[in-house]
Amino acid sequence: MPRPIDFYFDFSSPYSYIASEWIDALAARHGRTVNWKAILLGATFQAAELKSPVSYPIKREYSLHDFERSARFAGVPLKNPPKFPIATQNAARVFWWLADQDRTRAAAWARHCLRAFFARGVDLSDVAQLRELAEDFGLGADTAEAVWNDPRWKQRLKSENEAAIAAGVFGAPFFIVDGEPFWGNDRRPQIERWLEKGPF
């Protein structure tokens, strides 16, 4: 049976959001499944001695423009959030809690949050807004908050970040297909070629 595609994403990454809208369908066309993995870019940036492109004055305006342009090209609604980037550890902890129960529901939670942030400007770093999202998703606000405050899920996310770094992940979205790493939403044509014809 073909191996799943590992899909590393960050809830505050616009390119992760765009990729999240196509990766499952692309994988399914080639008889693959997707193993979604929430990470924190801050951890990978630190390990790789990198910073977000929007933290550099010369790159910031271009990057913000490219986020929206790339989304238009992909046919995905995106409006740069008023507050960006944001801390997303709480949403990520809930993701891993869900993933241990039902990976499909965890991926649905990820899409729910990514769409809320990038299409509607919902601030995932704001506890009140994240509680509302959890309620809308059917989790229950109190349940979600208990999860993201639980030391077990704090440690789980830390461990997942460490595992991602050990696997060579330094940004998001990051895909591993049959052991082959691909970084970035713009690697889609290469991933599709790999899935169609194998290594190149």
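A residue counts as exposed when its relative accessible area is over 50%, as buried when that area is under 20%, and as partly exposed in between. Keep those cut-offs at hand for the exercises below, and bear in mind that the structure above is a predicted model.

**Exercise 1. Sorting three loop residues**

Task: Decide which class, buried, partly exposed or exposed, fits each of Pro82, Asp178 and Asn185.

Solution:
- Step 1. Start with Pro82, which sits in the loop between α4 and α5. Its relative accessible area is 80%, so Pro82 is exposed. Although Pro82 and Val122 are 40 residues apart in sequence, their C-alpha atoms are 9.4 Å apart in space.
- Step 2. Move on to Asp178, in the loop between β3 and β4 (180-183). With a relative accessibility of 28%, Asp178 is partly exposed.
- Step 3. Finish with Asn185, in the loop between β4 and α10 (188-197). A relative accessibility of 14% puts Asn185 among the buried residues.
- Step 4. Now look at what surrounds Asn185. Setting aside residues up to four places away in sequence, Asn185 touches Tyr15, Ile18, Ala19, Trp22 and Pro173. The C-alpha atoms of Asn185 and Ala172 are 8.3 Å apart, with their positions 13 residues apart in sequence.

**Exercise 2. Backbone exceptions**

Task: Find where the peptide bonds ending at Pro85 and Pro173 are cis, and give the sign of phi at Asp178.

Solution:
- Step 1. Recall the background: most residues other than glycine have a negative phi, and most peptide bonds are trans.
- Step 2. The bond from Phe84 to Pro85 is cis, its omega being near -5°. Pro85 belongs to the loop between α4 (57-74) and α5.
- Step 3. The bond from Ala172 to Pro173 is also cis, here with omega near 0°. Pro173 is in the loop between α9 (151-166) and β3 (174-177). You have met Pro173 already, as one of the residues that Asn185 touches.
- Step 4. Asp178 has a phi near 55°, which is positive, and Asp178 is not a glycine.

**Exercise 3. Exploring the core**

Task: Say which residues have the most contacts inside the largest nonpolar core, and which helix gives the most to this core.

Solution:
- Step 1. The largest nonpolar core holds 58 residues, and Phe11, Phe95 and Trp109 have the most contacts inside it.
- Step 2. Helix α6 (residues 103-120) is the biggest giver, supplying nine residues to this core.
- Step 3. Take Phe11 and leave out its neighbours within four places in sequence. Its contacts then include Phe95 and Trp109, along with Ala38, Cys113 and Leu124 among others.
- Step 4. There is also a separate second core of six residues, including Ile39, Val169, Phe174 and Ile176.

**Exercise 4. How the helices pack**

Task: Classify the packing of α5 with α6, α6 with α7 and α5 with α9 as roughly parallel, roughly antiparallel, roughly perpendicular or oblique.

Solution:
- Step 1. Two packed helices are described by the angle between their axes and the distance between the axes.
- Step 2. For α5 (residues 89-99) and α6, the angle is about 160° and the axes are 7 Å apart. Angles over 145 degrees count as roughly antiparallel, so α5 and α6 are roughly antiparallel. The crossing is right-handed. Among the residues in contact are Phe95 and Trp96 of α5 and Trp109 and Cys113 of α6. By class, this contact has 11 nonpolar, no polar and two charged residues.
- Step 3. For α6 and α7 (residues 127-137), the angle is about 130° and the axes are 11 Å apart. The two helices are therefore oblique to each other, and their crossing is right-handed. The α6 side includes Trp109 and His112, while the α7 side includes Leu130 and Phe137. This contact comprises eight nonpolar, one polar and three charged residues.
- Step 4. For α5 and α9, the axes come within 9 Å and cross at roughly 95°. That angle makes α5 roughly perpendicular to α9. Here Gln89, Ala92, Arg93, Trp96 and Trp97 of α5 meet Trp153, Lys154, Arg156, Leu157 and Glu160 of α9. Their classes are five nonpolar, one polar and four charged.

Definitions and conventions: Residues numbered from 1 in each chain as written. Predicted model: local features only at pLDDT ≥ 70, side-chain atom pairs only at ≥ 80, totals over all residues. Heavy atoms only, no water. Core = buried A, V, L, I, M, F, W, Y, C linked by side-chain atoms within 4.5 Å. Buried < 20%, exposed > 50% of the residue type's maximum accessible area, 1.4 Å probe, protein only. Helix = DSSP H or I, 4+ residues; strand = E, 2+ residues; numbered from the N terminus. Contact = heavy atoms within 4.5 Å. Axes fitted to C-alpha atoms, helices over the stretch in contact; angles between N-to-C directions. Parallel < 35°, antiparallel > 145°, perpendicular 65-115°, else oblique. Left-handed = near helix turned anticlockwise from the far one by under 90°. Nonpolar A, V, L, I, M, F, W, Y, C, P; charged D, E, K, R; others polar.
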